[in-house]
Every structure is written in C-alpha cells, then in structure tokens.
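Biologist: I'm new to this one, so could you take me through a single part of it up close? I'd like to look at the biggest pocket, and then see how the rest of the chain is laid out.

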Amino acid sequence: MKKRLLLLVPFIFLIVGCNHKHLSFSGESENWKGEYSANISDNETKEDGKYIFGYKKVTSDTSFKNLEITINDGETKWNESDYKAATISISSSCSGCSTPQEDQPIDVTIKWDDGKEESFKLEPK
C-alpha cells in the first residue's frame, strides 16, 4: 500500500503542474522598452504577472513630471507625477478573469512630460 501511495503522490503533482503555464512578452519603441511575464493557472482563469518598463535614455537624474502607461486600451492604467526613476514595475493579478493569450500581442501607450507619447506592442517571446 505504501509503494502505491509513493507512486501516486508524484503523479498527482505532475497533473496539478500541467494546469500552469508561463507567458512572456517583450517589445520596445524609440525611448521605451517593456516586458511582461505571467503565470497562468486554473484553466486559464487566474493570472499573476508583472509588467516592467524602462526608459532607454537614462541619465543620473532621470525623472518625469507626468508619466502615464496604458495597456490594452485601458485594461490596465498607471499614472504618476514627479516620478524619479527610469524603471516602472506594474503588478497584474486576477482570478476568474480573461487572461492574456500566448499568441496575441499586448498594446502599450506611454505618455510623459507634457506631450511626449509612444505606442508599441509587447510580442510573445
């Protein structure tokens, strides 16, 4: 009986592990680069991810008066005034939601400092 149980436990972990997948996207524009990585589970209804955006023309005193990042036409939106860094990290987590598809790009628009704006796509890796 113990031998059967010892064989059954790894099999259960293998089956449970198959319900998870990892997604990874990246892209860039003239001034910005971005990445998104996420773990998707529970039959693609639970997402735990993170966006990371970086300003490519970094100086020792990089800062932004106004910084706005819009992802997928407002599905995710981030705003900050007087932001004093060149890297932005945005967590993304949901349960019972529609999760990103591994073959669909993610649209990103970044606006900063009174009128500057760039749009680009994060493409699946």
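Modeller: Let's go through the pocket and then the strands around the chain.

Bear in mind that what you're looking at is a predicted model. The largest pocket holds about 280 Å³ of space. Its lining is made up of 15 residues. If you want to find the centre on screen, go to Glu47, Glu75, Ser98, Thr99 and Pro100, which lie nearest to it. Two elements give two or more residues to that lining, namely strand 3 (46–55) and strand 6 (87–95). Strand 6 gives the most, with 3 residues. Sort the lining by class and you get 8 polar residues, 5 nonpolar ones and 2 charged ones. As for how a pocket gets spotted at all, rolling a probe the size of a water molecule over the atoms shows where empty space is left.

Now zoom out to the chain. It has 1 helix and 8 strands, and along the sequence these come in the order α-β-β-β-β-β-β-β-β. Of its 125 residues, 32% are buried. The accessible surface comes to about 8,400 Å², with 50% of that belonging to carbon and sulfur atoms. If you take the contacts between residues at least 6 apart in sequence, 53% of them join residues at least 24 apart.

Strand 1 (residues 21–28) is a handy place to see strands pairing up. It runs antiparallel to strand 2 (residues 32–41), and 8 bridges join the two. They form a hairpin, with 3 residues between them. For one spot to click on, try Ser26, which stands opposite Glu35 in strand 2. Strand 1 is also joined to strand 8 (residues 116–124), again antiparallel, by 2 bridges. Here Phe25 has Pro124 as its bridge partner in strand 8.

One last stop is Glu80, which sits in strand 5 (residues 76–83). Its relative accessibility is 36%, so Glu80 counts as partly exposed, since that label covers values between the 20% limit for buried and the 50% limit for exposed. Leaving out neighbours within four places in sequence, Glu80 is in contact with Lys65, Asn66 and Leu67. Take Asn66 from that group: Asn66 and Glu80 are 14 residues apart along the chain, yet their C-alpha atoms are separated by 6.0 Å.

Definitions and conventions: Residues are numbered from 1 along each chain as its sequence is written. This is a predicted model: local features need pLDDT of at least 70, side-chain atom pairs count only at pLDDT 80 or more; totals for chains, interfaces and linings use all residues. Side-chain values use heavy atoms; hydrogens and water are left out. Two strands pair if DSSP finds at least two bridges between them. Helices (H or I, at least four residues) and strands (E, at least two) are DSSP runs, numbered from the N terminus. Buried means under 20% relative accessible area, exposed over 50%, partly exposed in between (1.4 Å probe, protein chains only). Contact means heavy atoms within 4.5 Å. Accessible areas come from the Shrake-Rupley method with a 1.4 Å probe; for residues, only the protein chains shown count as cover. On a 1 Å grid over the protein atoms alone, a cavity is a set of points where a 1.4 Å probe fits but cannot get out, and a pocket is an open set with protein on both sides within 12 Å along at least five of seven lines; lining residues have an atom within 4 Å of a point. Grid points are joined across faces, edges and corners, and a volume is the space filled by probe spheres set on the points. Ala, Val, Leu, Ile, Met, Phe, Trp, Tyr, Cys and Pro count as nonpolar, Asp, Glu, Lys and Arg as charged, and the others, Gly among them, as polar.
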